[in-house]
Each structure stands twice: as C-alpha cells, then as structure tokens.
Amino acid sequence: QVQLVESGGGLVQAGGSLRLSCAASGRTFSSYAMGWFRQAPGKEREFVAAISWSGSSTYYADSVKGRFTISRDNAKNTMYLQMNSLKPDDTAVYYCASARQQYTTYRDYTGNYNYNSWGQGTQVTVSS
C-alpha cells in the first residue's frame, strides 16, 4: 500500500490559480499511475485527471481540459495538479489516488474503482 498526503488547497477567487501536491510514501512511486478526483457537496466523486507512471501520458476530464495540468516528479515522490482559470464549479474536496495497475485507456483511468489508495483530501473553494 502507498500512503498519500495532499496539500495546497485553499480559497481563491474565480479566475485564480492553485497548485495541489500529493506526496507519496510506502511503495515505489514511479511504478504506478496516479490520478486526481474531486467531490463537491451532495455529488459523487468524479475524475479530474490522471498520469501514467512515467508521466508521458496524461488524461483529463472535459470540464478541466485546457485549465488544469497534471504532472509528477518521481525523484520527489510527488504528483501535482496546476489549476488555472478556476471557476466556482471547481469547488470541491480534491483527492489523489494511486492506480491498481498500469492502464492504457481513458475509461480505465476515470473509474475510481481502479484506484486502491487514497489521500485524505484537500479543500478547494472558488468564490465568484
């Protein structure tokens, strides 16, 4: 199992930016894919973005494409989510997760059942 800790959340005005970090420990970080999910009050957890073990492949939900960028630094055991042009609809608790295995399709990366370790979440609030 891997332990994951998110940080970087906060309150920002619409149009602003935040960068989330996810620090991993307990398992070889570079050997597995990672993802970001979010959950707004009263809604189900939804896929935001994912990145392959090497960082060469990235996947995004349509709602964040062009505004968010996922990246990872395997030397630092850390994954990032750069969020620009934030909107009030982006308000949610953001979770990072490690995948059960390597996947090859977008559909595989979007399913939260394909991730077996989760962080505790970090709150992102975007004011209008």
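Where in the chain is the place of N77? The place of N77 is in the loop between β7 (68–73) and β8 (78–83). We will come back to N77 after a look at the whole chain. Keep in mind as you read that this is a predicted model.

**The chain as a whole**

Let's start with the main elements. The chain holds 1 helix and 11 strands. If you walk along from the N terminus, you meet them in the order β-β-β-β-β-β-β-β-β-α-β-β. The radius of gyration is 13 Å, close to the 14 Å that the globule rule gives for 128 residues, so the chain is as compact as a globular protein of that length. Along the principal axes, the C-alpha atoms fill a box of roughly 40 × 25 × 25 Å.

What about inside and outside? Of the 128 residues in the chain, 46% are buried. The accessible surface comes to about 6,300 Å², and carbon and sulfur atoms account for 46% of that surface. Contacts also tell us how the chain is folded back on itself: among those between residues at least 6 apart in sequence, 59% join residues at least 24 apart.

**Two loop residues with positive phi**

Now back to N77. This residue is not a glycine, yet its phi is positive, at about 55°. S85 is another residue other than glycine with a positive phi, here near 50°. You can find S85 in the loop between β8 and β9 (92–99). How does S85 sit with respect to the surface, buried or partly exposed? With a relative accessible area of 41%, S85 is partly exposed. N77 is partly exposed too, at 30%.

**Three buried residues**

Next come three residues whose side of the story is about burial. The cut-off to remember is that buried means under 20% relative accessible area.

| Residue | Place | Relative accessible area |
|---|---|---|
| S21 | strand β3 (residues 18–25) | 16% |
| A33 | loop between β3 and β4 (34–39) | 0% |
| S117 | strand β10 (residues 115–118) | 4% |

Which residues does A33 touch, leaving aside its neighbours within four places in sequence? A33 is in contact with I51, S52, W53, R72, A97, S98, A99, Q102 and Y109. In space, A33 and V2 are 12 Å apart, C-alpha to C-alpha, while 31 residues separate them in sequence.

S21 has its own set of partners. Beyond its neighbours within four places in sequence, S21 is in contact with residues including V5, W36 and Y80.

For S117, again leaving aside neighbours within four places in sequence, the contacts are Q1, V2, L4, C96, A97 and S98. Compare that with the pair S117 and S17: they are 100 residues apart in sequence and 27 Å apart in space, C-alpha to C-alpha.

**The largest pocket**

Finally, let's look for empty space. Rolling a probe the size of a water molecule over the atoms shows where such space is left. The largest pocket contains about 210 Å³ of space. How many residues line the largest pocket? Its lining has 14 residues, and R38, K43, E46, D89 and D90 are the ones nearest its centre. Sorted by class, the lining of the largest pocket has 8 charged, 3 polar and 3 nonpolar residues.

Notes
Residues numbered from 1 in each chain as written. Predicted model: local features only at pLDDT ≥ 70, side-chain atom pairs only at ≥ 80, totals over all residues. Heavy atoms only, no water. 1 Å grid on protein atoms, 1.4 Å probe; cavity = no way out; pocket = protein on both sides within 12 Å on 5 of 7 lines; lining within 4 Å. Points joined across faces, edges and corners; volume = space filled by probe spheres on them. Nonpolar A, V, L, I, M, F, W, Y, C, P; charged D, E, K, R; others polar. Rg over C-alpha atoms; globule rule 2.2 N^0.38 Å. Buried < 20%, exposed > 50% of the residue type's maximum accessible area, 1.4 Å probe, protein only. Contact = heavy atoms within 4.5 Å. Areas by Shrake-Rupley, 256 points an atom, 1.4 Å probe, with all protein chains shown as cover.
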